[in-house]
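Subject: Structure for you to look at

Hi,

Here is the structure I promised to pass on. Please open it and keep it beside you while you read my notes.

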Amino acid sequence: MTERLGKRVSRSITFYPTPEDSQLLEELDRRAAAQQVTFSELCKMALHQFVQGDGREQEANPYTVCFEPHETALQQQIEAELTAQGISFSDWVKQRLVAPPPTSLESRVQHLEAVIAQLQHQPPPPTRQEIEQMIAQMLEPIRQAPLTPPMPPPPPKPTTDSLIAELSTLLVDDF
């Protein structure tokens, strides 16, 4: 079944006019151009990786992002921008998954967690029963004090006008 090395062997791949095959062919052409290899070399690399795994399904890269067929243009745009920045798409995804930047929601959650942690280290507020006990303790000295009748207010002082005082003494002298 295998042919001898030393003579050239060609195999063919048929691409049908389906959207999946068209996208695959476009991606192969794009990757071959990006890596500056021929289509044949690219196929050999893929086959070599497949055979190294003995045909077993290799572990999926946890940082692999699969785009839907209708998202090809978006995928190409993203990869082009990242390539211009000198980073591969899979490395960019890996960076975001390993240390994602906090979103405003995540920042708010972190803030609330910090507030909760701070509140947990403070003594709890007094309960209703504890407040009632404190009030009772404050009222105790008042309850134990002897009841004394309130002092009547002093009579109002008469106004002392010198003319009135003189007249009043004259009146007293006359009687």
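Arg30 has 28% relative accessibility, so it counts as partly exposed. That value falls between the cut-offs: buried means under 20%, and exposed means over 50%. Keep in mind that this is a predicted model.

Which residues does Arg30 pair with? One is Glu27: the two side chains meet in a salt bridge, at 2.5 Å from N to O. Arg30 and Glu27 are three residues apart in helix H1, so about one helical turn separates them. An α-helix has 3.6 residues a turn, so residues three or four places apart point the same way. Glu27 counts as buried because its relative accessibility is 17%.

Glu79 also forms a salt bridge with Arg30. Here the closest N and O atoms are 2.6 Å apart. This pair links distant parts of the chain. Glu79 sits in helix H3 (residues 72-84), Arg30 sits in helix H1, and 49 residues separate them. Glu79 has 12% relative accessibility, so it counts as buried.

Now look at H1 itself. It covers residues 19-35, which makes 17 residues. At 1.5 Å a residue, the helix should span 24 Å. Its end C-alpha atoms are 24 Å apart, so the model agrees with the expected span.

Which residues of H1 are buried? They are Asp21, Glu27, Leu28 and Ala32. Seen down the helix axis, they fall within an arc of 130°, so they line one face of H1. These buried residues pack against helix H2 (39-52). On the other side of H1, Pro19, Ala33 and Ala34 are exposed. Just after the helix, Gln36 takes a positive phi of about 55°.

Next, go to helix H6, residues 128-144. It holds another salt bridge, between Glu132 and Arg128. Their closest N and O atoms are 3.2 Å apart. The two residues lie four apart, about one turn of the helix. How accessible is each partner? Glu132 counts as partly exposed because it has 44% relative accessibility. Arg128 reaches 67%, so it counts as exposed. As for shared partners, salt bridges join Glu27, Arg30, Arg31 and Glu79 into one network. The total count is four salt bridges.

There is also a nonpolar patch on the surface. Ile131, Met134, Ile135, Met138, Leu139 and Ile142 form it. Together they have about 570 Å² of accessible area. Take Ile135 from that patch. It lies in helix H6. Its relative accessibility is 45%, so it counts as partly exposed.

Last, the whole chain. How many helices and strands does it have? The count is seven helices and zero strands. From the N terminus on, the elements run α-α-α-α-α-α-α. The chain has 175 residues, and buried ones make up 8% of them. The accessible surface comes to about 16,400 Å². Of that, 60% belongs to carbon and sulfur atoms. Now take contacts between residues at least 6 apart in sequence. Among these, 40% join residues at least 24 apart.

A good place to begin is Arg30, with its salt bridges to Glu27 and Glu79.

Best wishes

Conventions:
Residues are numbered from 1 along each chain as its sequence is written. This is a predicted model: local features need pLDDT of at least 70, side-chain atom pairs count only at pLDDT 80 or more; totals for chains, interfaces and linings use all residues. Side-chain values use heavy atoms; hydrogens and water are left out. Patches are made of residues with over 30% relative accessible area and no salt bridge: like charges are joined within 9 Å, nonpolar side chains (Val, Leu, Ile, Met, Phe, Trp, Tyr) within 5 Å. Accessible areas come from the Shrake-Rupley method with a 1.4 Å probe; for residues, only the protein chains shown count as cover. Buried means under 20% relative accessible area, exposed over 50%, partly exposed in between (1.4 Å probe, protein chains only). The expected span of a helix is 1.5 Å times one less than its number of residues. The arc is that of the directions from the helix axis to the C-beta atoms. Contact means heavy atoms within 4.5 Å.
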